[in-house]
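Here are some notes to read beside the model. Keep the structure open and find each residue as it comes up.

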Amino acid sequence: MLARHIQYFLAVAQHHGFTRAAAALHVSQPALSQQIRQLEESLGAQLFDRSGRTTRLTDAGEVYLRYARRAEQELLEARRAIHDVADLSRGSLRVAVTPTFTSYLVGPLVEAFHNHYPNITLNLSEIAQERMEALLLADELDVGIAFDEVHAQDIDTQPLLVETLAMVVGRHHPLAEKSAVGPEALNDESMILLSSEFATREQIERYCRQHGIRPQVRMEANAVGAVIEVVRRTTLSTLLPAAVTLAHDDLVAVALDPSRLQRAAVLIQRKGGYQSAAARAFIKLAAQVAARFAP
């Protein structure tokens, strides 16, 4: 009964009225109004101001809203916990990764997970880290793979791997035979880089500022795949994880020495959130697969 009261209260608060809330809930308006009155009587406080054209939360309603949202999230987690199957014979998992990981890590990781747990439905998204953190906090994701520069509170991190960015070039590039170059070599390069919406671009620019480097950025792209294709087909170079070249025979990673451009990748989850058997299995496999890409 309490779960229904919370559901009805949240619907009225969201739709700012009983008519639209009742339609969304597929119940009659009188039934909805009665449930809200019962809730207000049990709390001894008026939650909604019904005097105007739009139904508004009272001060007490605003306070109750914060706790109701928290309770709703806990109830949803409880439902998922009940349906979680420990032997992993069925279930689902929601995973998100930041874009560069799709170029080398996601393939082997998903392959390993599907081979071990073919009956688990995997929902995989490629999104920016800030959005990923918001979805984790809203319990709309189970696990994320991102970088250790976490912005949101209530996010737990677990080390995964140290990713090294290198100058990535095609086989016919003049530097393709080099194993390493100094950072100053970037000054002479015509490059294609990921656009500024990517955390990778921010990290590259920070590295360049630290070393007084001014690469000649001839192109930008908002997809890792597009950057790779351009590098494969032109003499432009880029800066991407060195591991990207493992999946592309026609690309070469030229290390930046002695000052390497490195960043720590982590698994992220909501602090204190429910961890399903599928999530635990995924995290364990992720650590095993990531070990293949250790420097």
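1. Begin with Val150. Setting aside neighbours within four places in sequence, Val150 is in contact with Gln129, Glu133, Ile155, Thr157 and Ile268. Keep in mind that this is a predicted model. Val150 sits in the loop that runs between β5 and β6. Is Val150 buried or exposed, or something in between? Its relative accessible area is 25%, so Val150 is partly exposed. For a distance across the model, take Tyr67, which is 83 residues away along the chain from Val150. The C-alpha atoms of these two residues are separated by 25 Å.

2. Two of the contacts of Val150, Gln129 and Glu133, lead to helix α6. The buried residues of α6 are Gln129, Met132, Glu133, Leu135 and Leu136. Why do they line one face of the helix? Seen down the axis of α6, the buried residues fall within an arc of 165 degrees, so they share one face. Among the elements that cover them are β3, β5, β6 and β12. After α6 comes Asp139. The phi of Asp139 is positive, near 60 degrees.

3. Now compare helix α5, residues 106-116. Its buried residues are Val106, Leu109, Ala112 and Phe113. They cover an arc of only 140 degrees around the axis, which puts them on the same side of α5. What do these buried residues pack against? The partners are three strands, β3 (91-97), β4 (120-126) and β5 (143-147), and the helix α9 (277-290).

4. Next, the nonpolar core. The largest one has 46 residues. Phe101, Leu105 and Ile145 have the most contacts inside it. Several elements give two or more residues to this core: β3, α5, β5, β6 (155-170), β8 (190-194), α8, β12 (261-270) and α9. Which element gives the largest share? It is α9, with ten residues. Look at Leu105 in particular. Leaving out neighbours within four places in sequence, Leu105 is in contact with Ile145, Leu160, Leu161, Val289, Ala290 and Phe293.

5. Ser237 deserves a look too. It is in the loop between α8 (224-233) and β10 (238-241). A loop residue can still be hidden: Ser237 is buried, with a relative accessible area of 0%. What is around it? Beyond neighbours within four places in sequence, Ser237 is in contact with Met167, Val168, Val169, His173, Glu189, Ser190, Met191, Ile192 and Val231.

6. Turn to Ala13, in helix α1 (residues 2-15). Ala13 counts as buried because its relative accessibility is 13%, and buried means under 20%. Outside its neighbours within four places in sequence, Ala13 is in contact with Phe48, Leu57 and Leu65. Leu47 is 34 residues from Ala13 along the chain, and their C-alpha atoms are separated by 9.5 Å.

7. Last, the open space. The largest pocket has a volume of about 350 Å³. It is lined by 17 residues, and Ala128, Gln129, Glu197, Phe198 and Ala199 are the closest to its centre. Gln129 was already named as a buried residue of α6. The elements that give two or more residues to the lining are α6 (129-137) and α7 (199-210). α7 gives the most, with four residues. How does the lining divide by class? Six residues are nonpolar, seven are polar and four are charged.

Note on methods
Residues are numbered from 1 along each chain as its sequence is written. This is a predicted model: local features need pLDDT of at least 70, side-chain atom pairs count only at pLDDT 80 or more; totals for chains, interfaces and linings use all residues. Side-chain values use heavy atoms; hydrogens and water are left out. Buried means under 20% relative accessible area, exposed over 50%, partly exposed in between (1.4 Å probe, protein chains only). The arc is that of the directions from the helix axis to the C-beta atoms. Contact means heavy atoms within 4.5 Å. A nonpolar core is a set of buried Ala, Val, Leu, Ile, Met, Phe, Trp, Tyr and Cys residues joined through side-chain atoms within 4.5 Å. On a 1 Å grid over the protein atoms alone, a cavity is a set of points where a 1.4 Å probe fits but cannot get out, and a pocket is an open set with protein on both sides within 12 Å along at least five of seven lines; lining residues have an atom within 4 Å of a point. Grid points are joined across faces, edges and corners, and a volume is the space filled by probe spheres set on the points. Ala, Val, Leu, Ile, Met, Phe, Trp, Tyr, Cys and Pro count as nonpolar, Asp, Glu, Lys and Arg as charged, and the others, Gly among them, as polar.
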